[in-house]
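Got your viewer open? Keep the selection tool handy, and we'll go from one stop to the next.

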Amino acid sequence: TFSGGEASLHFELLKKLLTACREKGYHTALETNGLISAAHLKELIPLTDLFLFDFKHSDPDALKKWAGAPLAPILESLAALEDAHAHVWLRCPVIPGVNDTDAHFEAICALKHQYTCIEKAEIMAYHDIGKTKWDALGIPYSLAALKTVSPEQKHIWETKRGNRLSKNRGSDFRKDDKYRAKNGSGKKTLHFTVQKVVSADNKS
């Protein structure tokens, strides 16, 4: 599994590593926010067994506000994965007061029903584990007042959306957001983190 940050920002290195894994017979998975150029994604698809695809917000304005990202190219990447018959797990971070709305959950269900490439959709409840990293870098953490979502609240979200999905094609939300790809082909698995190293003294 290649994660980061956004591993695809280091495209040439990522492609070399994925190719090497392919040659060694490793199962390959890529965590991504979907902001990948069409040309790069086209090259990554045949090297990647599974895409762990973040879907942070369904409202373009809210996504721009909270993540500083446009929604359109993310949906374009998802459409490209659909056209390529890729294997996708939709990973949905849910943050109280940011995207825990009925409209967003409905959008998750709509994507699951629209795209056959999406094999499951996972609720990833907010936690504040990363706050210490921001503190170490001396960067203000905008969600400092939020606490880790309780297992009970996460279960409510999963049950609510799972019931809605089950009306059509069955619930695909998992209760374990640490679940990793099961390798049915007998391939080996590894996990890599590809990211830019930033120190407290050098934030560039």
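**A tour of charged pairs and one helix**

Start by selecting Lys 56 and Asp 54: the two form a salt bridge, with their closest N and O atoms 3.3 Å apart. Bear in mind as you look around that this is a predicted model. Switch on a surface and compare the partners. Asp 54 has a relative accessible area of 19%, and since buried means under 20%, that residue counts as buried. Lys 56, at 36% relative accessibility, is partly exposed.

That pair has company: searching the whole structure turns up 7 salt bridges. Side chains of opposite charge can pair when their charged atoms come close.

**Across the chain**

Next, select Glu 31 and Arg 91. Their side chains meet in a salt bridge, at 3.8 Å from N to O. This one ties together distant parts of the chain: Glu 31 sits in strand β2 (residues 29-32) and Arg 91 in strand β4 (residues 88-94), 60 residues apart. Buried or exposed, what is Arg 91? With a relative accessible area of 6%, Arg 91 is buried. Glu 31 counts as buried too, at 17% relative accessibility.

**One turn along a helix**

Now go to helix α7 (residues 151-166) and pick Glu 158 and Lys 154, which are 4 residues apart, or about one helical turn. Show the side chains and you'll find them meeting in a salt bridge, 4.0 Å from N to O. Glu 158 is buried, with a relative accessible area of 7%, and Lys 154 counts as buried at 10% relative accessibility. While the charged side chains are on display, add Glu 122 to your earlier selection: salt bridges with shared partners join Glu 31, Arg 91 and Glu 122 into one network.

**Down the axis of α1**

Last stop: helix α1, residues 11-24. Try the distance tool on the C-alpha atoms at its ends. They are 20 Å apart, which agrees with the 20 Å that 14 residues should span at 1.5 Å a residue.

Colour Phe 11, Leu 14, Leu 18 and Cys 21, the buried residues here. Then turn the view to look down the axis of α1: the buried residues fall within an arc of 90°, so they line one face of the helix. An α-helix has 3.6 residues a turn, so residues three or four places apart point the same way. Swing round to the other side of α1 and you'll meet Lys 16, Glu 23 and Lys 24, which are exposed.

Finish just past the end of α1 by clicking Gly 25, where phi is positive, at about 85°.

Conventions
Residues numbered from 1 in each chain as written. Predicted model: local features only at pLDDT ≥ 70, side-chain atom pairs only at ≥ 80, totals over all residues. Heavy atoms only, no water. Helix = DSSP H or I, 4+ residues; strand = E, 2+ residues; numbered from the N terminus. Expected span 1.5 Å × (residues − 1). Buried < 20%, exposed > 50% of the residue type's maximum accessible area, 1.4 Å probe, protein only. Arc of directions from axis to C-beta.
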